[in-house]
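Hello,

Here is the structure I said I would pass on. My notes on it follow below.

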Amino acid sequence: DTYAKWYAGLNYLAASDDRSVFDLGGGIKLESPLNPYVRARYRHFLAPRPALLMTLRSTAFWENDDGFGVTLGADSDWSIDDARLLRWANTATLSQGTEGVRWRSRLSLYDALDARSAMRYQASVQGQTDGVQPDYYGLRATYRRSAWRDWFFLEFSGSLFWSDGPEPGDRCDACLGASIGFEILFGDKYD
């Protein structure tokens with residue numbers, strides 16, 4: 001799952017406080033055939049040191065492709081200084097549609113260039129515990145900038161990746177990738 005995906009959906013914040021958030025969501029992955037999904041997610045926050053935030057996540061879901069499943073995640077965010085943040089994010093998913101556990105680990109450095117733009121540098125590895133070696137290793141650099149309004153963002157990314165899979169079409173040695181994206185934020189905070 002290293003290629004871009006499109007989603008259309010809604011999210012509902014059911015409960016939150018200073019240490020946890022519970023939300024519900026549902027929608028459709030825009031692919032052929034359409035892939036509807038629903039999910040319930042709980043996040044718990046720990047701050048063992050002033051510059052360190054840890055997030056524990058558990059998500060129960062159903063989607064047409066994978067069936068019922070659960071994803072567990074653990075993130076660590078370290079504020080290096082006022083302009084830089086280091087994040088280590090890890091997930092493991094077990095579902096009716098997976099053989100073994102699907103896992104992913106990413107190490108990202110976020111660098112605020114100014115009040116409207118930032119860079120993200122990322123190294124990642126992902127795989128599945130079905131007896132096959134990890135199937136994806138990648139490096140990515142992303143430039144993100146708010147454009148025109150505080151709630152509209154543009155992203156430009158370049159990547160270098162290697163993949164190793166059971167089929168010849170799954171294998172790639174030092175392949176290049178590029179992407180362009182946008183994000184629109186909704187809510188009173190962004191009006």
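**Strands and surface**

Strands β1 (residues 7–16) and β2 (residues 20–29) run antiparallel to each other and pair over nine bridges. The link from β1 to β2 is a hairpin of three residues. One of the bridges sets Ala 15 opposite Phe 22 of β2. Please keep in mind that this is a predicted model.

Just ahead of this pair, in the segment before β1, is Trp 6. Its relative accessible area is 56%, so Trp 6 counts as exposed, the cut-off for that being over 50%. Trp 6 belongs to a nonpolar surface patch together with Ile 28, Leu 30, Leu 34, Phe 182, Ile 184 and Phe 186. The accessible area of these residues together is about 780 Å².

There is also a patch of negative charge on the surface, made up of Glu 99, Asp 130, Asp 135 and Asp 164. Of these, Asp 164 sits in the loop that runs between β10 (152–163) and β11 (172–184). Asp 164 is partly exposed, because its relative accessibility is 33% and that class lies between 20% and 50%.

The strand after that loop, β11, contains Ala 174. This residue is not a glycine, yet Ala 174 has a positive phi of about 55°. Most residues other than glycine have a negative phi. With a relative accessibility of 40%, Ala 174 is classed as partly exposed.

Regards

Terms used: Residues are numbered from 1 along each chain as its sequence is written. This is a predicted model: local features need pLDDT of at least 70, side-chain atom pairs count only at pLDDT 80 or more; totals for chains, interfaces and linings use all residues. Side-chain values use heavy atoms; hydrogens and water are left out. Patches are made of residues with over 30% relative accessible area and no salt bridge: like charges are joined within 9 Å, nonpolar side chains (Val, Leu, Ile, Met, Phe, Trp, Tyr) within 5 Å. Accessible areas come from the Shrake-Rupley method with a 1.4 Å probe; for residues, only the protein chains shown count as cover. A salt bridge is a side-chain nitrogen of Lys or Arg within 4 Å of a carboxyl oxygen of Asp or Glu. Lys and Arg count as positive and Asp and Glu as negative; His and the chain ends are not counted. The place of a charge is taken as NZ of Lys, CZ of Arg, CG of Asp or CD of Glu. Helices (H or I, at least four residues) and strands (E, at least two) are DSSP runs, numbered from the N terminus. Buried means under 20% relative accessible area, exposed over 50%, partly exposed in between (1.4 Å probe, protein chains only). Two strands pair if DSSP finds at least two bridges between them.
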